[in-house]
Amino acid sequence: MKVTVVGAGAVGASCAEYIAMKNFASEVVLLDIKEGYAEGKAMDLMQTASLNGFDTKITGTTNDYSKTAGSDIAVITSGIPRKPGMTREELIGINAGIVKTVATNLLEHSPNTIIIVVSNPMDTMTYLVHKATGLPKNRIIGMGGALDSARFKYRLAEALEAPISDVDGMVIGGHSDVGMVPLIEHATRNSVKVSEFLSEDKMQWVVEETKVGGATLTKLLGTSAWYAPGAAVSGLVQAIACDQKKMYPCSTFLEGEYGLDDICIGVPVLLGKNGIEKIVEIELSDAEKAKMQESAEGVKKTNGLLQL
């Protein structure tokens, strides 16, 4: 099992670290355009192998895609990160060109790879990869929902004053501050709906804090977060590599599901050895359907800025 991570910045390096520490991949290749940067990150990570007990080989390369040949899964994190006050959508002009070039180069050397898109605006970048490559939809996956759901569970556990292992919940819709649809009515604490424990006001607080989860961190850090995004990617990669059939909300190309068409947006999917094995359609309330429709309109508006 060979995994390539394009972009050796904070998010890319975190992806590589968490994938290696889970010890299911034989090799992780880090690639970056900055001379020596990926090689340095890979060496630093390899020097943790004996300390963290993993045998995954991590190698780095400066823009040499031949080193990525035969990758089973490729993760695209490259592009500029958000700065305080920036929306994910404002990154589109720069990141679209980068992501398109990266996807083309990856497929030249690994024609059967499954691509996971992390670069923002993530739903639109996932759509771009779909349109630019013509790959089957099961092999193009946008990461956002897995990260947003982790942030949702963090806020739920905080509001409930509960251990996070007690909490379950999911975020669908677009990976943006206004587009996320945290499914608060479906969220549970050990199978009991959270509405049994939390007031309407507190539940609404959880929803709103989840939606600005990335922006909150960008304001504090001065750049995009990296630990949780890296962990989210590693979860998706492991589900595919180990054929787990695990359910995550991911951005995927829809053709009528959820009443949406010709769009990549976050919905629950089952991940296995073929990438997206199944799109799971769940019953949404009228309010949730309306929010999902509104989210889709926002994503389509951003997609309209692409020069396809």
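This report describes salt bridges, an annotated position and two helix packings in a predicted model.

**Salt bridges**

The model contains nine salt bridges. Three of the pairs are listed in the table below, each with the separation of the nitrogen and oxygen atoms.

| Pair | N to O distance |
|---|---|
| E255 and K137 | 3.1 Å |
| E257 and K137 | 3.5 Å |
| K153 and D168 | 3.9 Å |

K137, E255 and E257 belong to one network of salt bridges. In the pair of E255 and K137, the closest N and O atoms are 3.1 Å apart. E255 is part of strand 12 (residues 246-255), while K137 sits in the loop between helix 5 (122-133) and strand 6 (140-142), so this salt bridge ties together parts that are 118 residues apart in sequence. The relative accessible area of E255 is 51%, and this residue is exposed; the cut-off for that class is over 50%. K137 has a relative accessibility of 22% and counts as partly exposed.

The other partner of K137 in this network is E257, with the closest N and O atoms at 3.5 Å. E257 is found in the loop between strand 12 and strand 13 (261-272), and K137 in the loop between helix 5 and strand 6, so the two residues tie together parts 120 residues apart in sequence. E257 counts as buried, its relative accessibility being 15%. The network therefore includes a residue from each accessibility class: E255 is exposed, K137 is partly exposed and E257 is buried.

A further salt bridge joins the side chains of K153 and D168, at 3.9 Å from N to O. It links distant parts of the chain, with K153 in helix 6 (residues 144-160) and D168 in strand 7 (residues 167-168), 15 residues apart. K153 is partly exposed at 24% relative accessibility, and D168 is likewise partly exposed, with a relative accessible area of 44%.

**The annotated position**

An unreviewed UniProt entry places the feature "active site" at H175. This residue lies in the loop between strand 8 (171-173) and strand 9 (180-182). Is H175 buried or exposed? With a relative accessible area of 7%, H175 is buried, given that the class covers values under 20%.

**Helix packing**

Two packed helices are described by the angle between their axes and the distance between the axes. Helix 5 takes part in both packings reported here, one with helix 10 and one with helix 4.

The axes of helix 5 and helix 10 (residues 286-303) come within 9 Å and cross at roughly 60 degrees. The two helices are therefore oblique to each other, and helix 5 passes helix 10 in a right-handed crossing. On the side of helix 5 the contact is made by D123, T124 and Y127, and on the side of helix 10 by V299, T302 and N303.

Helix 4 (residues 92-109) packs against helix 5 at an angle of about 45 degrees, and their axes are 10 Å apart. This angle makes helix 4 oblique to helix 5. The crossing of helix 4 past helix 5 is right-handed. Helix 4 contributes I92, N95, A96, V99, K100, A103 and L107 to the contact, and these residues meet T124, M125, L128, V129, A132 and T133 of helix 5. T124 is thus among the residues of helix 5 that contact helix 10 and among those that contact helix 4.

Terms used. Residues numbered from 1 in each chain as written. Predicted model: local features only at pLDDT ≥ 70, side-chain atom pairs only at ≥ 80, totals over all residues. Heavy atoms only, no water. Salt bridge = Lys/Arg side-chain N within 4 Å of Asp/Glu carboxyl O. Helix = DSSP H or I, 4+ residues; strand = E, 2+ residues; numbered from the N terminus. Buried < 20%, exposed > 50% of the residue type's maximum accessible area, 1.4 Å probe, protein only. UniProt positions renumbered as here; feature names shortened; annotations may be inferred. Axes fitted to C-alpha atoms, helices over the stretch in contact; angles between N-to-C directions. Parallel < 35°, antiparallel > 145°, perpendicular 65-115°, else oblique. Left-handed = near helix turned anticlockwise from the far one by under 90°. Contact = heavy atoms within 4.5 Å.
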